Amino acid sequence: MSTRYTADDVVTWCSGTLLSGSPEASLSGLSIDSRSVSSGQLFAAIVGPHHDAHEYLAQAIDSGAGGLLIETDRETSWAPAGEVPVIAVSNTT
């Protein structure tokens, strides 16, 4: 059984800003790999020494991500995701 939470919960937990989507959107789980994100999971775009997952936001949406967690300084790297909540935080890690 997976735990459900809302986009607003994520905003609160991470001191983030909801850029799009509904604060009541239901999410379940978390993924940092756009290749294996499951339907309804929050995709956190992690920046590492060799990769920047912000390059895979569209792929995560196409794979069924229920929401996106992005870094504030990369807000321009995402296209509006329609109903999918997009939450900006200072650091996704």
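This is a short walk through one protein chain, from its overall layout to a few individual residues.

Let me say at the outset that what we are looking at is a predicted model, and I will keep to what can be read from its coordinates. The protein chain has 93 residues, and 42% of them are buried. It contains two helices and seven strands, and if you follow the elements from the N terminus on, they run β-α-β-β-β-β-α-β-β. Of the contacts in the chain with a separation of 6 or more, 44% are between residues 24 or more positions apart. As for the surface, the chain exposes about 5200 Å², and carbon and sulfur atoms supply 51% of that area.

I would like to begin with helix H1, which spans residues 7–14 and whose buried residues are Ala 7, Val 10 and Val 11. These buried residues cover an arc of only 100° around the axis, and that is why they lie on the same side of H1. On the other side of the helix, Thr 12 and Trp 13 are exposed. What, then, covers the buried residues of H1? The cover includes strands E1 (4–6), E2 (17–20) and E3 (26–28), and, from further along the chain, E5, E6 (67–71) and E7 (86–89).

Trp 13 deserves a second look, since it takes part in the one aromatic pair that a search of the whole structure finds. Its partner is Tyr 5, with the ring centres 5.5 Å apart and the planes at 50°, so the pair is classed as tilted. In general, a pair of aromatic rings is described by the distance of the centres and the angle of the planes. The two partners differ in their surroundings: Tyr 5 counts as buried because its relative accessibility is 12%, below the 20% cut-off, whereas Trp 13 counts as exposed, because its 58% lies over the 50% cut-off.

Just after H1 we come to Ser 15, which takes a positive phi of about 50°. Most residues other than glycine have a negative phi, and here we have a positive value in a residue other than glycine. Ser 15 is placed in the loop between H1 and E2, and with 66% relative accessibility it counts as exposed.

Let me now move to strand E4, residues 30–31, where we find Ser 31. Is Ser 31 buried or exposed? With a relative accessible area of 6%, Ser 31 is buried. Leaving aside residues up to four places away in sequence, Ser 31 touches Ser 36, Val 37, Gln 41, Leu 42, Phe 43 and Ala 44. In addition, a polar atom of the Ser 31 side chain lies 3.0 Å from the backbone oxygen of Asp 33.

Asp 33 leads us to the charged pair, for the count of salt bridges comes to one, and it is formed by Asp 33 with Arg 35, the closest N and O atoms being 3.0 Å apart. Asp 33 is partly exposed, with a relative accessible area of 24%, while Arg 35 counts as exposed at 69% relative accessibility.

From Arg 35 we can step across to Tyr 56, since the two are 21 residues apart in sequence and 8.9 Å apart in space, taken from C-alpha to C-alpha. Tyr 56 lies in the loop between strand E5 (42–44) and helix H2 (57–62), and it is partly exposed, with a relative accessible area of 33%. Apart from residues up to four places away in sequence, Tyr 56 touches Ser 34 and Phe 43. Phe 43 has already come up, among the residues that Ser 31 touches.

My last residue is Asp 52, which also has its place in the loop between E5 and H2. Asp 52 counts as buried, because its relative accessibility is 16%, under the 20% cut-off. Which side chain does Asp 52 join through a polar contact? The partner is His 54, and the contact between the two side chains is 2.6 Å. Again not counting residues up to four places away in sequence, Asp 52 touches Ile 46, Val 47 and Arg 74.

To close, I would ask you to keep two places in view as you turn the model: helix H1, with Ala 7, Val 10 and Val 11 buried, and the salt bridge between Asp 33 and Arg 35.

Key. Residues are numbered from 1 along each chain as its sequence is written. This is a predicted model: local features need pLDDT of at least 70, side-chain atom pairs count only at pLDDT 80 or more; totals for chains, interfaces and linings use all residues. Side-chain values use heavy atoms; hydrogens and water are left out. Helices (H or I, at least four residues) and strands (E, at least two) are DSSP runs, numbered from the N terminus. Buried means under 20% relative accessible area, exposed over 50%, partly exposed in between (1.4 Å probe, protein chains only). Contact means heavy atoms within 4.5 Å. The arc is that of the directions from the helix axis to the C-beta atoms. Rings of Phe, Tyr and Trp (its six-membered ring) pair if their centres lie within 6.5 Å; planes under 30 degrees apart count as stacked, over 60 as edge-to-face and the rest as tilted. Accessible areas come from the Shrake-Rupley method with a 1.4 Å probe; for residues, only the protein chains shown count as cover. A salt bridge is a side-chain nitrogen of Lys or Arg within 4 Å of a carboxyl oxygen of Asp or Glu. A polar contact is a pair of N or O atoms within 3.5 Å; within protein, one must be able to donate a hydrogen and the other to accept it, and residues adjacent in sequence count only if both atoms are side-chain atoms.
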